[in-house]
Amino acid sequence: MAGGTRVADSQTAAVFAAAAPGYSCIMSTPDLPDDVPLDALEQHRVADAVAEEPAAQPGLPAPENTVIGYPGHTADMPSQPDDEMRGYTGTGLLAGKRALITGGDSGIGRATAVAFAKEGADVVIAYLQEHGDAAHTAELVEREGRRCLALAGDLGQAQHCRSVVSRTAAALGGIDILVNNAGYQNPADDLTDITDEQWRRTFAVNIDSFFHVTKAALAQLPDGGAIINTASVNGLRGNKTLIDYSATKGAVIAFSYALAQALAGRRIRVNCVAPGPVWTPLIPATMDAERVSSFGAHTPFGRPAQPDEVAPSYVFFAADRLSSYYSGEVLAPLGGETLPG
């Protein structure tokens with residue numbers, strides 16, 4: 001990495017040259033075809049870059065035109081989220097730290113990446129195939145004077161999980177903070193509607209990737225490092241239309257508890273964030289129009305959270321100055337809802 005950042009493919013370099021003069025970013029897509037159309041990358045990259053005003057709260061979008069294609073691009077959402085931490089001022093809580101964030105291209109992952117950068121950390125984001133979102137997130141990180149590497153590929157594959165960790169360590173010289181945030185969901189009205197393939201896919205992304213990434217990262221994490229896992233309120237109480245998803249998120253919580261005990265001797269803090277409804281591209285990309293239009297309305301606040309409202313939870317758990325005595329904890333931003341226990 002000496003001599004500044006490098007651009008790993010010429011198409012992405014062209015996108016950044018056109019859409020963000022003066023900025024550089026490392027983008028790597030080794031697990032995807034080399035002939036990704038430049039105009040497709042350009043379309044999403046420029047659409048993300050032109051949003052200059054802070055987004056309003058999404059509220060409840062009208063039922064029409066609320067569903068977008070999977071895996072979901074921020075620019076296609078019916079209402080743009082607050083996910084760039086524009087009003088956040090860092091204080092050096094993570095100065096010199098190196099962070100890997102899976103699912104880091106958009107939503108909670110993007111907001112967390114930017115918050116970490118504002119606190120002084122270099123960041124690697126791993127994502128599936130949302131190149132425009134990843135490019136914009138990387139630019140936001142680099143605006144804060146920090147390095148960013150964006151790695152595309154399927155985290156549902158064990159080998160790719162290990163590859164992401166090794167390439168992160170090589171690029172940044174190590175890993176101090178790991179955020180397991182990649183997620184997949186597909187609502188079903190009945191258990192019998194969940195295919196074997198969907199069940200396996202949900203587990204592969206939502207919990208298997210956490211295991212594979214964390215296992216590989218343990219050789220890189222120093223004593224005193226931090227691991228933060230993204231669960232969900234559905235892992236705490238279940239959801240009848242997200243049975244497989246709820247099961248994986250419950251597993252994430254138990255995984256976090258057990259791993260915190262196992263790594264206490266190395267002073268590696270393992271904690272979990274279990275949000276309620278959050279307005280991210282995954283919602284309109286995986287839910288029908290009726291569910292999207294009422295998303296988050298059941299909370300006492302009457303709306304879903306913005307990613308910017310959840311990201312500070314990750315800063316808290318990442319910063320030793322703030323959470324040095326916290327491990328095996330679950331923080332649940334639920335918009336005013338209370339849970340027993």
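Is glutamate 309 buried, exposed or partly exposed? In this predicted model, glutamate 309 is partly exposed, with a relative accessible area of 39%. The side chain of glutamate 309 takes part in a salt bridge with arginine 303, with 2.8 Å from N to O, and arginine 303 is itself partly exposed at 22% relative accessibility. Salt bridges that share partners also join Asp83, Arg110 and Asp133 into one network.

**Salt bridges**

In total, the structure holds 15 salt bridges, and the table sets out some of them, with the separation of the closest N and O atoms given for each pair.

| Acidic residue | Basic residue | N to O separation |
|---|---|---|
| glutamate 84 | arginine 86 | 2.8 Å |
| aspartate 208 | arginine 200 | 2.2 Å |
| glutamate 309 | arginine 303 | 2.8 Å |

The accessibility of the partners can be followed pair by pair. In the bridge between glutamate 84 and arginine 86, glutamate 84 is buried, with a relative accessible area of 11%, whereas arginine 86 counts as partly exposed at 36%. Glutamate 84 is classed as buried because its 11% falls under the 20% limit for that class. In the bridge between arginine 200 and aspartate 208, arginine 200 is partly exposed with a relative accessible area of 41%, and aspartate 208 is partly exposed at 25% relative accessibility.

**Backbone features in the loops**

The loop between helix H2, which covers residues 38-49, and strand S2, which covers residues 98-102, contains proline 71. The peptide bond that leads from tyrosine 70 to this proline is cis, and its omega is near 10°. Methionine 85 also lies in the loop between H2 and S2, and although methionine 85 is not a glycine, its phi is positive, at about 55°. The side of the chain at methionine 85 offers little to the probe in terms of relative accessible area, which is 4%, and the residue is buried.

A positive phi is found again at arginine 267, a residue other than glycine, where the value is near 60°. Arginine 267 has its place in the loop between helix H8, residues 243-262, and strand S7, residues 269-273. What is the relative accessibility of arginine 267? The value is 55%, and arginine 267 therefore counts as exposed, since the class begins over 50%.

Key. Residues numbered from 1 in each chain as written. Predicted model: local features only at pLDDT ≥ 70, side-chain atom pairs only at ≥ 80, totals over all residues. Heavy atoms only, no water. Salt bridge = Lys/Arg side-chain N within 4 Å of Asp/Glu carboxyl O. Buried < 20%, exposed > 50% of the residue type's maximum accessible area, 1.4 Å probe, protein only. Helix = DSSP H or I, 4+ residues; strand = E, 2+ residues; numbered from the N terminus.
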